[in-house]
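Here's a walk through one protein chain, written for someone who would rather look at the fold than read a table of coordinates. Have the structure open as you go.

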Amino acid sequence: MATMGAFRTFLLSYPEFLLAAFCFLSLAALRLALQWRAAGSNVPVNWPVVGMLPFVLTNLGHLLDAATAALRDSGCSFAFRGPWLIGGDYLVTCDPAAVHHCLAANFSRYDKGRDFAEMFDVAGSGLLVSEAASWAGQRQVVATVFAAPAFRSFVVSTIERQTARLLAPFLDHAAAAGRAVELEDVFMRFSLDVSYAVVFAHDLDSLSLDAADAPYPAFGQATRMAGEAVMFRHVVPARWWKLLRWLNVGIERRYAEAKAVLDEFVYREIGKRKAGDAPLLGEGGDLLSMYMAWPRDPAMTDRQRGEFLRDAAVGYMFAAKDLVAAALTWFFYMLCTHPHVEAKILDELKSLRSSSTSCGGSGRPAAVLFDCDTLRSASYLHAAVLEALRLHPPAPFEEKEAREDDVLPDGTTVTKGTRILFCIYAMGRIEGIWGEDCREYRPERWLSGSGRVRHQPSYKFAAFNSGPRSCLGKDLGLSNLKIAAAAIIYNFRVELVDGHVVEPTDSVVLHTKNGLMVRVKRRGTAFDD
């Protein structure tokens, strides 16, 4: 205290030192601004005191596109500096060599880190946020469950069943009414119904005709709010959001309320199952049944067991519900703006018509549906889905923390504790990675001369992550996308409402800002028997 008092007395006695410091910082800032303007670069300026925070604040609402432009101008990597004394420093990259180095070749040197687990605490201690110490064991459990024939069969049958009883009838009703539809909301409800049934073997039916005009279910709203809050925690200094959390105000208060809603839903379903209630659907192939059948660790308490089940359920809902809904939304936005691609997919589906099934209800014609096995030969549909994921990855970035000092392939020195942000969204939009036409939606880039789907390495196409942490549900997720997409494309024509602007929002999941407003029309021949 005496030292601080003496320092204050010194500054008051010699105010010219304060003036000199102010002039120095002002001139430094002016010099940086002039250099930045002369260079015409999109790379963020590291300002005195505030670091690169102005870049974030001036680009709120389109951070991903701003980061892409910065990465393009910086050669695929740049160091982001947060405000002085507050932190928030990252190494931001979209370099495939760095992705391969950190996520695959040197996987053991990079971890999620405690900062990420705290920012994404809605996932508890589950696989999504697990560090090296617990990751291997959790990965083994999830891999075993996902590989089980009973679980895979239950997931696929649930997707097909919900498409037939909810998605197709809803769009048929919307087409008959002739009204505009917010398609992202439809996909959010559909994905919620699918994932909820997969996890709990219970139908939520948020997309049923009776519930479709009601507000989006609280459970779905909670997962979306959580995604936005996690993104907020990534773009502001940790001390800021921790202060908001301590005060319980603003977005942190809404985040806490969202977590409470999720816990209420999940623990209620777990309680029912513990009380002896049998699954309403299937024969024990749902996620909760599979996890409850897993041999229990004798050292695990009842409370820890409940948290283990809760984290597994919430983790799956985040990975399956929001990501699938976002992928479907951007896929149909691409089709709306590229009708020639839609026409090619429709021709391919017509060639598979003999292997399809029909579903219908009283008073309405039958819709044509395609099952998972039939769609295995739909190569162009598969390529179109992959191309949409390249340009619009549902999880637009991945984060790691260095566990030790390292050097990246481009020579960048990484010190222990450095946080690295891999911008997967930018990877699909850099000419040096995907060619001069990288920003064009062109499914043909995924097809070989013989028409078969061309493989791309995961460090170049990282929509499903890369290395040992690659998404275990990739095949099931793609099946979900293709089953739903085929049903819509074959039976309906989806047209974007004139003047409606579709842009990505700043979130850990690539949702849209204003939804996807479309008009749905029946295809004239789709409902013929």
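C76 counts as buried, with a relative accessibility of 14%. The cut-off for buried is under 20%, so C76 makes it. Keep in mind that this is a predicted model. Which cysteine sulfur is closest to that of C76? It belongs to C94, and the two sulfurs are 3.9 Å apart, too far for a bond. A disulfide here would need the pair within 2.5 Å, so the C76 and C94 sulfurs don't qualify. In fact, the structure holds 0 disulfides. As a reminder, a disulfide is a covalent bond between the sulfur atoms of two cysteines.

**The chain as a whole**

The chain has 529 residues, and buried ones make up 52% of them. It contains 19 helices and 12 strands. Take the contacts between residues at least 6 apart in sequence: 72% of these join residues at least 24 apart. The accessible surface is about 23,600 Å², with 57% of that belonging to carbon and sulfur atoms.

**The five-stranded sheet**

One open sheet has 5 strands in the order β1-β2-β10-β7-β3, and its pairing is mixed. β1 and β3 are the edge strands with a single partner each, so one side of each has no neighbour in the sheet. Here is how the pairs line up:

| Strand pair | Sense | Bridges |
|---|---|---|
| β1 and β2 | antiparallel | 4 bridges |
| β2 and β10 | parallel | 3 bridges |
| β7 and β10 | antiparallel | 5 bridges |
| β3 and β7 | antiparallel | 2 bridges |

If you want to trace the sheet residue by residue, start with F80, which stands opposite Y90 in β2. Moving across to β10, L91 has I420 as its bridge partner, and T93 stands opposite F422. E399 is partnered with L421 of β10, while Y110 stands opposite A402 in β7.

Is β7 largely enclosed or left open by the rest of the structure? It is largely enclosed, because 6 of the 6 residues in this strand (residues 397-402) are buried. F397, E399 and E401 point one way, E398, K400 and A402 point the other way, and all are buried. That list is worth a second look, since glutamates and a lysine are on it. β2 is covered on both faces too: Y90 and V92 are buried on one side, L91 and T93 on the other.

Helix α5 (residues 96-105) lies across β2, β3, β7 and β10, and runs at about 125 degrees to β10.

Now for the loop between β1 (77-80) and β2 (90-93), which is where L85 sits. Is L85 buried or exposed? With 78% relative accessibility, L85 counts as exposed. The C-alpha atoms of L85 and V50 are 9.6 Å apart, although 35 residues separate the two in sequence.

**The three-stranded sheet**

The chain also has an open sheet of 3 strands, with antiparallel pairing in the order β4-β12-β11. Its edges are β4 (180-182) and β11 (492-496), each pairing on one side only. On average, neighbouring strands in this sheet are turned by 40 degrees against each other, ignoring direction. β11 is joined to β12 (residues 517-522) by 5 bridges, and the two run antiparallel. Within that pair, E495 stands opposite R519 of β12.

Two helices go with this sheet. Helix α8 (residues 149-177) packs on it, touching β4, β11 and β12, and makes an angle of about 90 degrees with the direction of β12. Helix α9 (residues 183-200) lies across β4, β11 and β12 as well, running at about 50 degrees to β4.

**The core**

What about the nonpolar interior? The largest nonpolar core has 157 residues, and the members touching the most others are F151, F331, F332, I345 and L389. Helix α14 (residues 302-337) supplies the largest share of this core, 20 residues.

F332 makes a good residue to click on. Leaving out residues up to four places away in sequence, F332 touches L183, F187, A485, I488, I489, V494 and L516.

Notes:
Residues numbered from 1 in each chain as written. Predicted model: local features only at pLDDT ≥ 70, side-chain atom pairs only at ≥ 80, totals over all residues. Heavy atoms only, no water. Buried < 20%, exposed > 50% of the residue type's maximum accessible area, 1.4 Å probe, protein only. Pairing = 2+ DSSP bridges. Contact = heavy atoms within 4.5 Å. Areas by Shrake-Rupley, 256 points an atom, 1.4 Å probe, with all protein chains shown as cover. Axes fitted to C-alpha atoms, helices over the stretch in contact; angles between N-to-C directions. Core = buried A, V, L, I, M, F, W, Y, C linked by side-chain atoms within 4.5 Å.
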